[in-house]
Amino acid sequence: MERHEGAARELALTGRFDQYIYLGHGPYFGLASEAMLKTKEMACTPAEAYHSQEIMHGPRYAVGKSTLITVMLSDGGRDWQLALLPKLKGFGAQVLAISEEATPQVREHSDWCWDLRSGLSDYGRMLLAMPLVQLFAYYRALALGKEVD
């Protein structure tokens with residue numbers, strides 16, 4: 001939390017996004033869904049969650065420069081997700097990658113990288129990533145003047 005709270009606050013306060021898309025593969029799809037729900041509930045902002053490769057079908061046409069796509073990189077889907085990152089940038093979206101460790105390839109194709117450096121499995125890392133995406137939604141709600149209880 002200490003490492004990424006400031007980044008979550010800064011990103012949420014920028015106000016340049018009007019749509020949020022969360023991508024997760026395998027166990028991270030549940031985390032993507034939770035992030036989407038918190039963004040909708042707390043910030044009253046359009047948000048969607050998809051399995052990582054699903055974005056390449058219909059949803060990609062809704063992506064633009066005011067879209068923030070958060071990719072939750074998993075061990076099991078890492079190769080597919082790494083191939084997806086440059087395509088997302090090609091759609092004009094801004095990309096936040098949450099991963100165990102941001103490799104040079106991840107950094108090259110992402111606007112923001114939150115690397116957890118936990119040494120945990122996918123399932124263990126989800127417990128670390130969830131508060132970060134919830135915190136982002138909280139700060140986004142505050143930025144929009146929403147009352148958060």
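**Exercise 1: Lys-38 and its helix**

Is Lys-38 buried, exposed or partly exposed, and which side chain does Lys-38 meet in a salt bridge?

*Step 1.* Start with the cut-offs: buried is under 20% relative accessible area, exposed is over 50%, and partly exposed is what falls in between (1.4 Å probe, protein chains only). Lys-38 has a relative accessible area of 21%, so Lys-38 is partly exposed.

*Step 2.* A quick word on what you're looking at: this is a predicted model, where local features need pLDDT of at least 70 and side-chain atom pairs count only at pLDDT 80 or more, while totals for chains, interfaces and linings use all residues. Residues are numbered from 1 along each chain as its sequence is written, and side-chain values use heavy atoms, with hydrogens and water left out.

*Step 3.* Now the partner. A salt bridge here is a side-chain nitrogen of Lys or Arg within 4 Å of a carboxyl oxygen of Asp or Glu. Lys-38 meets Glu-34 that way, at 3.9 Å from N to O. Glu-34 is buried, because its relative accessible area is 17%.

*Step 4.* Check the spacing. Both residues sit in helix H2, 4 residues apart, about one turn of the helix. An α-helix has 3.6 residues a turn, so residues three or four places apart point the same way.

**Exercise 2: Sanity-check H2 and see what covers it**

Test the length of helix H2 against the expected span, then find what covers its buried residues.

*Step 1.* Helices (H or I, at least four residues) and strands (E, at least two) are DSSP runs numbered from the N terminus. The expected span of a helix is 1.5 Å times one less than its number of residues.

*Step 2.* H2 runs over residues 28-43, which is 16 residues, so 22 Å is expected; the end C-alpha atoms are 22 Å apart, and the two agree.

*Step 3.* The buried residues of H2 are Tyr-28, Leu-31, Ala-32, Glu-34, Ala-35, Met-36, Thr-39 and Ala-43. Among the elements covering them are strands E1 (19-24), E2 (47-51) and E3 (67-72), plus helix H5 (122-143); contact means heavy atoms within 4.5 Å.

*Step 4.* Look just past the helix end. Cys-44 follows H2 with a positive phi, near 50 degrees, and Cys-44 lies in the loop between H2 and E2. At 54% relative accessibility, Cys-44 counts as exposed.

**Exercise 3: Lay out the sheet**

In which order do the 5 strands of the open sheet stand, and which strands are at the edges?

*Step 1.* Two strands pair if DSSP finds at least two bridges between them. The order is E2-E1-E3-E4-E5, with parallel pairing.

*Step 2.* E2 and E5 stand at the edges with a single partner strand each, so one side of each has no neighbour in the sheet. From one strand to the next, the twist averages 15 degrees.

*Step 3.* Zoom in on one pair: E1 and E3 run parallel over 6 bridges, and Leu-23 has Val-71 in E3 as its bridge partner.

*Step 4.* Put H2 back. H2 packs on the sheet, touching E1, E2 and E3, and its direction makes about 175 degrees with that of E2. Axes are lines fitted to C-alpha atoms (for helices, over the stretch in contact), and angles run from 0 to 180 degrees between N-to-C directions.

**Exercise 4: Find the kink in H3**

Where in H3 does the kink lie, and what covers the buried residues of that helix?

*Step 1.* H3 (residues 78-90) has 13 residues and reaches 19 Å from first to last C-alpha, close to the expected 18 Å.

*Step 2.* The bend at a residue is the angle between axes fitted to the seven residues ending there and the seven starting there. H3 has a kink of about 25 degrees at Leu-84, shortly before Pro-86.

*Step 3.* Leu-84 is one of the buried residues of H3, which also include Arg-78, Gln-81 and Leu-88. The cover includes E1, E3, strand E4 (94-99) and helix H4 (104-108).

**Exercise 5: Trace the network through Arg-125**

Which residues are joined with Arg-125 into one salt-bridge network?

*Step 1.* The total count of salt bridges is 10. Arg-125 forms one with Asp-75, the closest N and O atoms being 3.0 Å apart. The pair links distant parts of the chain, with Arg-125 in H5 and Asp-75 in the loop between E3 and H3, 50 residues apart.

*Step 2.* Compare burial: Arg-125 is buried at 2% relative accessible area, whereas Asp-75 is partly exposed at 46%.

*Step 3.* Glu-100 also meets Arg-125, at 3.7 Å from N to O. Glu-100 lies in the loop between E4 and H4, 25 residues from Arg-125, and both are buried.

*Step 4.* Shared partners join Asp-75, Glu-100, Asp-122 and Arg-125 into one network.
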